[in-house]
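Let's take a walk through a protein model together, looking at where empty space is left inside and how two helices meet. Keep the picture open as you read.

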Amino acid sequence: MKKTTVVQPYDLESINIKNWVTKSNILIESTYKLSLQEQRILLIMASKVQPNDETLKTYRFRAKDFIEIVGNKKGTGFYSYLKEIVNGLQTKILTIKEKGKQRNYNWVITSIYEENEGYITLQFHPSLKYLFLELKEKFTSYQLENVVRLNSVYSIRIYELLKQYERLRKRELTLEELRHFLAIEPTKYKQYGHFKSKVLAVAQKEINNKTDIRFEFVELKTGRKVTSIEFIITGSPAMNETSATKEKKLESSQESLELDDNKNSVQNDLENLGVKPEKIEWLLSEFTKEHLERNIRYTQDRSITGEVTYPHSYVVKAIQKDYAKLSQESKRINSKKTQKKELVPDFIAEARDKEQTFKDFTLKEKQEFFFKENGTQIEFEEKLLQFRELKKMLVLSSEQPNQQEIEKAQEAGLQEVIRNMREDLKKREELGLDPRLVNDFKDKELKKVYKEFLQSELSNKT
């Protein structure tokens, strides 16, 4: 009688979207082209890799668990579709460029679909070990739930590229770099308008609504052509709070725990903005929850629009001076407009009731109103200096910035300074104020830039 050898199957793995995915930044910035479902399957595999693993293990899943996570858009044919994906994964190539060399790897070395049992067995290629294990620096981590919710292959890749720079709050990529990372063929979305609507806008909507980060983007131009995108990245703690609320339905007897959660929520927001632990402890002890929350939201909103460059220091100042409340009061004042919809403070509106004209008001009154709305000369100059230095700092934070990259960053910072000067000048003109004086500026370089800016503006008007 012939002896039969029974091969014990691998242990079944559960899929938990709360698991963490940790990848080397080399992998995040590599080039590969995968379908949405292929990406989801590989991400689920990555979420099973544990920091203390010595090798990349083989994982066995129930097919129905995959369907519950990634959806069943193909109806009864989804099992066949899943089988095709699993079998095809061994042919998918990952391209890694390091130290002047280009290496091509297969994503998986083992892919088995057990049709009768409805099981899937997968194993990453052993050569990919250094991209998932023994990572001590230059890696990015996030929870699986942030990516399995996304319905665009580009959204997943853009999420990872931005998550990598979450602490820096900004990331600038040329269109060429972005297309390269996303593996978009040269013939696809050739017009920037198509690229913006099909890639950037879709990713923005998905990431902002479904993940733990949010982003806005600024189009940077060379002449009239958009050549780079600057992403402005902020945390989205509200999404995390919503998820937590769904998972925990606290009873009324747990009110004290709920208060602790509220405190932790504010603390998490401050941590996401980059505030140091000792500062957080002081803020929590000195100010009410409502006071903290409104100024945190105020800072987050201004960070998204690019008005705030260093949110970790700005939010502390905002809380101390209650910028959010001051802003609300300013909006209330501005809502009282004349028939011509001019923005005026109360003392002007009251005076107009007495048939006075705008020119009757003193320069001091106008100036006080302007500073209240837009900040003092010192605050304005500090803001310009932040914009000037930011680009340079981001470039210098990379491993080996060349001189051309540094010069490009400095030019981008200069253009941001000039844009803010132009907005400031427009606001002053609307109030009937003269431009700021060149000598008002303390920084020598800013003084020079402002002088040239004024000369340019005056020559354009003549």
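**Empty spaces and a helix pair**

Strand β10 (residues 225–235) gives three residues to the lining of the second largest cavity, the largest share of that lining. Bear in mind as you look that this is a predicted model. The second largest cavity holds about 50 Å³ of space. Its lining is made up of Arg169, Lys170, Ile232, Ile233, Thr234, Ser303, Val308, Thr309 and Pro311. Sorted by class, these are four nonpolar, three polar and two charged residues.

How many cavities of 30 Å³ or more does the structure hold? There are four. The largest of them contains about 80 Å³ of space. Here helix α2 (residues 36–48) supplies the largest share of the lining, with four residues. Among the residues around this largest cavity you can find Lys23, Tyr32, Gln39, Trp107, Phe124 and Phe132. The lining of the largest cavity counts eight nonpolar residues, one polar and one charged.

Now turn to two helices, α13 (residues 289–304) and α14 (residues 311–321). Their axes come within 9 Å and cross at roughly 140°, which means that α13 is oblique to α14. The crossing of these two helices is right-handed. On the α13 side, the contact involves His291, Leu292, Asn295, Ile296, Tyr298, Thr299, Arg302 and Ser303, while α14 brings Pro311, Tyr314, Val315, Ala318 and Ile319. By class, this contact has eight nonpolar, four polar and one charged residues.

Two names may look familiar: Ser303 and Pro311 take part in the helix contact, and they also line the second largest cavity.

Technical notes
Residues numbered from 1 in each chain as written. Predicted model: local features only at pLDDT ≥ 70, side-chain atom pairs only at ≥ 80, totals over all residues. Heavy atoms only, no water. Axes fitted to C-alpha atoms, helices over the stretch in contact; angles between N-to-C directions. Parallel < 35°, antiparallel > 145°, perpendicular 65-115°, else oblique. Left-handed = near helix turned anticlockwise from the far one by under 90°. Contact = heavy atoms within 4.5 Å. Nonpolar A, V, L, I, M, F, W, Y, C, P; charged D, E, K, R; others polar. 1 Å grid on protein atoms, 1.4 Å probe; cavity = no way out; pocket = protein on both sides within 12 Å on 5 of 7 lines; lining within 4 Å. Points joined across faces, edges and corners; volume = space filled by probe spheres on them.
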